[in-house]
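Hi,

Here is the structure I said I would pass on. Have a look at it first, and my notes follow underneath.

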Amino acid sequence: MTTSGEQRLEEALRTVAAEVTASPGAYREVQSRWRRKERRRRLIVAALATAVVLATNGIALWALNDARPDQHIIFTDPTQTR
Amino acid sequence: MAPVSEDLPDTVETLAGRDADRESALAALFHRHHLELVRLATLLGAESDAEDVVADAFCELHRGWKRLRSEQAALPYLRAVIVNRVRMRVRHLQVVRKHVEWVREDVASAESQAMVRDDQRALVAALRSLPERQREALVLRYWLGLKEVEIAEAMGISAGAVKAHTARGMAKLGKVLEGQDDD
């Protein structure tokens with residue numbers, strides 16, 4: 001395609017693009033959308049962190065509850081292994 | 001106010017400061033480029049979803065702001081997201097239109113189309129009938145005036161492939177233009 005063809009394409013694209021307008025409240029809408037998504041993301045992270053802490057505590061309590069009083073399940077006594 | 005450095009430790013104040021910096025940078029970017037990006041999405045084939053596609057791109061940028069190399073990388077990132085999202089949308093519509101009866105939606109309303117000459121409308125229609133990669137390359141090249149490297153970044157392909165897509169697309173459009181010259 002010749003340079004004039006390229007110019008015609010540029011002109012056609014410019015003309016069609018010039019007809020496109022954006023809604024006046026676009027910024028507020030987009031801003032509230034990204035804030036909402038951010039809040040949701042933080043909420044999910046907080047919920048996951050809470051779930052992990054609760055699960056870890058639950059497992060630890062279960063392990064401690066099942067152990068015999070004379071048995072150390074967290075720290076092993078080095079003198080016992082000798 | 002000076003931007004909060006990324007090197008500072010995470011405290012309530014520094015995190016709030018970084019959030020405020022990100023918001024103001026995004027606001028500036030939005031006011032400078034929003035309309036241009038909506039037009040880009042429209043020309044690529046987003047039709048009435050153009051604003052929605054651009055809004056999603058800004059949300060994605062907001063989420064990935066920390067991962068940007070620099071603030072200058074924000075605009076190319078937005079372009080790449082828009083190109084990708086419009087491509088997904090067009091593919092989705094192609095599938096939908098196979099199954100349901102579809103009434104063609106033009107680039108703009110009938111009233112605004114009156115401003116576009118017949119030959120220009122035919123050229124844009126021919127552009128829209130091109131394969132998606134060729135259409136993307138031509139819009140990014142001849143409307144945004146991007147360099148091959150920038151187009152390659154936006155489309156996620158090599159500069160050589162951009163050259164090939166542009167040449168093939170222009171060759172096909174050349175036939176449409178020749179037809180117009182004959183009339």
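Before the counts, one cut-off: a salt bridge here is a side-chain nitrogen of Lys or Arg within 4 Å of a carboxyl oxygen of Asp or Glu. By that rule the structure holds 17 salt bridges over all chains. Keep in mind that this is a predicted model.

On to where the chains meet. Of those salt bridges, 5 run between chain B and chain A. One of them joins the side chains of A:R42 and B:D19, at 3.0 Å from N to O. Another pairs A:E38 with B:R22, where the closest N and O atoms are 3.6 Å apart. That second pair goes from helix α2 (residues 26-66) of chain A across to helix α1 of chain B. If you count polar contacts instead, the interface of chain B and chain A has 13 residue pairs, both partners being at pLDDT 80 or more.

Which helices of chain B each supply at least two residues to the side that touches chain A? They are α1 (12-46), α2 (50-63), α5 (118-128), α6 (132-142) and α8 (159-182). The biggest giver is α1(B), with 13 residues. Sorted by character, the side of chain B that touches chain A has 23 nonpolar, 8 polar and 10 charged residues.

And how much area is buried between the two chains? About 3200 Å², with carbon and sulfur atoms giving 66% of that. On the chain B side, B:E23, B:C59 and B:Y142 lose the most area to chain A, and together they make up 17% of what that side buries. In residues, the contact takes 41 from chain B and 30 from chain A.

There is some aromatic pairing too: 3 pairs over all chains. One of these is B:F30 with B:F58, a tilted pair at 4.9 Å centre to centre and 55° between the planes. The two residues sit 28 apart in sequence, B:F30 in helix α1 and B:F58 in helix α2 of chain B, so the pair links distant parts of the chain.

Last, confidence. Chain A averages a pLDDT of 86, and 87% of its residues score at least 70. Within chain A, α2(A) comes out highest at 94, while helix α3 (residues 78-81) is lowest, at a mean of 63. Chain B has a mean of 85, with 86% of its residues at 70 or more. The stretch to watch in chain B is residues 106-111, where pLDDT stays under 50. The model has 7 contacts beyond four places in sequence for residues 106-111 of chain B. Where pLDDT is low, the predicted coordinates should not be read in detail.

Cheers

Terms used
Residues numbered from 1 in each chain as written. Chains lettered and ligands numbered in written order. Heavy atoms only, no water. Contact = heavy atoms within 4.5 Å. Buried area = accessible area lost by both parts, 1.4 Å probe. Polar contact = N/O pair within 3.5 Å; in protein donor to acceptor, adjacent residues only side chain to side chain. Helix = DSSP H or I, 4+ residues; strand = E, 2+ residues; numbered from the N terminus. Nonpolar A, V, L, I, M, F, W, Y, C, P; charged D, E, K, R; others polar. pLDDT = per-residue confidence, 0-100. Phe/Tyr/Trp six-rings, centres within 6.5 Å; stacked < 30°, edge-to-face > 60°.
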